[in-house]
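Me: I would like to go through this model step by step, with the reasoning spelled out for each answer. Please begin with the chain as a whole and then move to its parts.

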Amino acid sequence: MTQDKAEHHVIFASTILLLLFVGLALFVASTARANPAPDGAASSATFRTKCAVCHGPDGGGSATGKSMNVPDLRSEAVQKRPDAELTQIISDGKGGMPPFKSSLSEAQIHDLVNYVRSLRLKK
Ligand code: HEC
């Protein structure tokens with residue numbers, strides 16, 4: 001009888017431990033997904049896949065971009081534009097630049113504006 005009880009305790013305790021462990025793992029996984037490194041990682045990945053073809057990884061302009069006369073995104077001429085204008089250019093396109101409003105969400109475009117701002121600081 002007592003033997004039986006002890007076994008129940010062991011099973012009970014290990015079940016609790018297992019649940020705690022699973023809970024912790026899920027918690028870690030969900031926070032990792034909810035906060036992909038404030039600002040940084042996600043938008044720089046978007047920039048590299050969508051924008052660097054023309055603007056270069058640092059915003060200075062790739063060879064393709066230079067042949068299209070892309071402005072240096074780090075320059076004063078670009079940085080002095082208000083956020084609303086940068087948002088609008090990225091959404092609707094400008095000259096040789098394609099519009100991105102159908103392939104990027106508003107939040108992604110907003111993050112890209114912040115990303116473009118961060119390029120200036122790296123200069
Ligand atoms: C196909 C090449 C190309 C791609 C891809 C591209 N751009 Fe551009 N971008 C241009 C060109 C060309 C201009 C200059 C347009 C003009 O002034 O006529 C420009 C201009 C800009 C400007 C405005 C600069 C200014 O002050 O006039 C910003 C900001 C910008 N691009 C951001 C981005 C971002 C962010 C992405 C990615 C979502 C991106 N671009 C993708 C070619 C591109």
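**Fold, helix α2, core and ligand shell**

Among contacts in the protein chain between residues at least 6 apart in sequence, 40% join residues at least 24 apart.

Me: What pattern does the protein chain follow, read along the sequence?
Reply: The model is a predicted one, and its protein chain has six helices and zero strands. Of the 123 residues of the chain, 15% count as buried. Read along the sequence, the pattern is α-α-α-α-α-α.

Me: At which residue does α2 bend?
Reply: The end C-alpha atoms of α2, a helix of 16 residues, are only 18 Å apart, whereas a straight helix at 1.5 Å a residue would reach 22 Å. A bend of about 50° is also found in α2, and its place is threonine 49.

Me: Which residues in α2 are buried?
Reply: An α-helix has 3.6 residues a turn, so residues three or four places apart point the same way. The buried residues of α2 can be read with that spacing in mind, and they are Ser43, Phe47, Cys51 and His55.

Me: Which residue follows α2, and what is its phi?
Reply: The helix runs over 40-55, and the residue that follows it is a glycine with a positive phi. That residue is glycine 56, with phi near 75°.

Me: Which helix gives the most to the largest nonpolar core?
Reply: The largest nonpolar core has eleven residues, among them Phe47, Cys51, Leu86, Ile90 and Leu119. Helices α2, α5 and α6 each supply at least two residues of this core. With six residues, the helix that gives the most to the core is α6.

Me: With which residues is leucine 119 in contact, leaving aside its neighbours within four places in sequence?
Reply: Leucine 119 belongs to the largest nonpolar core, as does Leu73. Leaving aside neighbours within four places in sequence, the contacts of leucine 119 are Asp58, Gly59, Leu73 and Arg74.

Me: Is alanine 107 buried or exposed?
Reply: Alanine 107 is found in helix α6, and its C-alpha atom is separated by 9.9 Å from that of serine 43, although the two are 64 residues apart along the chain. Because alanine 107 has 10 C-beta neighbours inside 10 Å, it counts as exposed.

Me: Which helix gives the most to the shell around the ligand?
Reply: Of the 24 residues around the ligand, Cys51, Cys54, Gly95, Gly96 and Met97 come nearest, and by class the shell has 17 nonpolar, four polar and three charged residues. At least two residues of the shell are supplied by each of α2, α4, α5 and α6. The helix that gives the most, with five residues, is α2.

Me: Is aspartate 92 buried or exposed?
Reply: Aspartate 92 lies in helix α5, and, leaving aside its neighbours within four places in sequence, it is in contact with Pro99 and Lys101. Its C-alpha atom and that of serine 102, ten residues apart along the chain, are separated by 9.3 Å. Because aspartate 92 has 12 other C-beta atoms within 10 Å, it is exposed.

Me: What is phi of asparagine 69 near?
Reply: Asparagine 69 is found in the loop between α3 and α4, and it counts as exposed because it has 9 C-beta neighbours inside 10 Å. Its phi is positive in a residue other than glycine, with a value near 60°.

Notes. Residues numbered from 1 in each chain as written. Predicted model: local features only at pLDDT ≥ 70, side-chain atom pairs only at ≥ 80, totals over all residues. Near = placed C-beta within 6 Å. Helix = DSSP H or I, 4+ residues; strand = E, 2+ residues; numbered from the N terminus. Nonpolar A, V, L, I, M, F, W, Y, C, P; charged D, E, K, R; others polar. Buried ≥ 20, exposed ≤ 12 C-beta atoms within 10 Å, placed from the backbone. Contact = placed C-beta atoms within 7 Å. Expected span 1.5 Å × (residues − 1). Bend = angle between axes of the 7 residues up to and from the residue. Core = buried A, V, L, I, M, F, W, Y, C linked by C-beta atoms within 7 Å.
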